[in-house]
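Please load the model in a viewer and keep a selection tool at hand. The tour below proceeds one selection at a time.

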Amino acid sequence: ALEKEISTYYRELDNLLLNEGKFVLIQDDKVEGIFDTYEDALKVGYERFKLTPFLVKKVQATEQIQFFTRDIFFICPT
């Protein structure tokens, strides 16, 4: 659903890395802003685009891989 926004992120990554660690707001093929926090970027995204899809992503030179599994068994101690 966010193919265009993700493509824009990688296309602009060299320029975005000047703000590494901050959060970028992208809608369609345009960088809409750089923000200090995820919450700030998300708030502006909803104010500007309402329910139209947009991407908020942390600017990083190296992607951090996340691992999830659905086969985790957790026993609640209560």
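Select lysine 57 together with tyrosine 9: the charged end of lysine 57 sits over the ring of tyrosine 9, at 4.9 Å from the ring centre. The model in view is a predicted one.

**The whole chain**

Next, switch to a cartoon of the entire protein. Three helices and three strands should appear, and their order along the sequence is α-α-β-β-α-β. The protein has 78 residues, and 27% of them count as buried. If a contact map is displayed alongside, consider the contacts between residues at least 6 apart in sequence: 47% of these join residues at least 24 apart. With a surface representation switched on, the accessible area of the protein amounts to about 6,200 Å², and carbon and sulfur atoms account for 55% of that area.

**The aromatic cluster**

Now select Tyr46, Phe49 and Phe54, which form one aromatic cluster. A pair of aromatic rings is described by the distance of the centres and the angle of the planes. The structure contains four aromatic pairs. In the pair of tyrosine 46 and phenylalanine 54, the ring centres are 5.1 Å apart and the planes stand at 85°, so the arrangement is edge-to-face. Move the selection to phenylalanine 49 and phenylalanine 54: here the centres are 6.0 Å apart and the planes make an angle of 40°, a tilted pair.

Which members of the cluster are buried, and which are partly exposed? Phenylalanine 54, at 12% relative accessibility, is buried, and phenylalanine 49 is buried at 13%. Tyrosine 46, in contrast, is partly exposed, with a relative accessible area of 47%.

**The nonpolar cores**

Keep Phe49 and Phe54 selected and add Phe23, Leu25, Phe35, Ala41, Val44 and Val56; together these eight residues make up the largest nonpolar core. Two elements, β1 and α3, each give two or more residues to this core. Helix α3 gives the most, with three residues. Apart from this core lies another one, of seven residues; to locate it, select Leu16, Val24, Ile26 and Leu55, which are among its members. In soluble globular proteins, nonpolar side chains tend to be buried together.

**The salt bridges**

Turn next to the charged side chains. The structure holds five salt bridges, and three of them are visited here.

- Select aspartate 28 and lysine 4. Their side chains meet in a salt bridge with an N to O distance of 3.8 Å. This pair links distant parts of the chain, 24 residues apart: aspartate 28 lies in the loop between β1 (23–27) and β2 (30–35), and lysine 4 belongs to helix α1 (residues 3–11). Lysine 4 is partly exposed, with a relative accessible area of 47%.
- Select lysine 22 and aspartate 36. This salt bridge has an N to O distance of 3.2 Å. Lysine 22 is in the loop between α2 (13–16) and β1, and aspartate 36 is in the loop between β2 and α3 (38–49), so the pair ties together parts that are 14 residues apart in sequence. Lysine 22 is partly exposed at 32% relative accessibility, whereas aspartate 36 is exposed, with a relative accessible area of 54%.
- Select arginine 11 and glutamate 12. The closest N and O atoms of this salt bridge are 3.3 Å apart. Glutamate 12 is partly exposed, with a relative accessible area of 22%.

**Two backbone positions**

For the final stop, display the backbone torsions. Most residues other than glycine have a negative phi, and most peptide bonds are trans. Where, then, does lysine 50, with its positive phi, lie? Lysine 50 is found in the loop between α3 and β3 (55–58), and its phi is near 55°. This residue, lysine 50, is exposed, with a relative accessible area of 54%.

Return lastly to aspartate 28, already selected as a partner of lysine 4 in a salt bridge. Its phi is near 60°, a positive value in a residue other than glycine. Aspartate 28 is located in the loop between β1 and β2 and is partly exposed, with a relative accessible area of 33%.

Technical notes. Residues numbered from 1 in each chain as written. Predicted model: local features only at pLDDT ≥ 70, side-chain atom pairs only at ≥ 80, totals over all residues. Heavy atoms only, no water. Phe/Tyr/Trp six-rings, centres within 6.5 Å; stacked < 30°, edge-to-face > 60°. Buried < 20%, exposed > 50% of the residue type's maximum accessible area, 1.4 Å probe, protein only. Lys NZ or Arg CZ within 6 Å of the ring centre and 35° of its normal. Helix = DSSP H or I, 4+ residues; strand = E, 2+ residues; numbered from the N terminus. Contact = heavy atoms within 4.5 Å. Areas by Shrake-Rupley, 256 points an atom, 1.4 Å probe, with all protein chains shown as cover. Salt bridge = Lys/Arg side-chain N within 4 Å of Asp/Glu carboxyl O. Core = buried A, V, L, I, M, F, W, Y, C linked by side-chain atoms within 4.5 Å.
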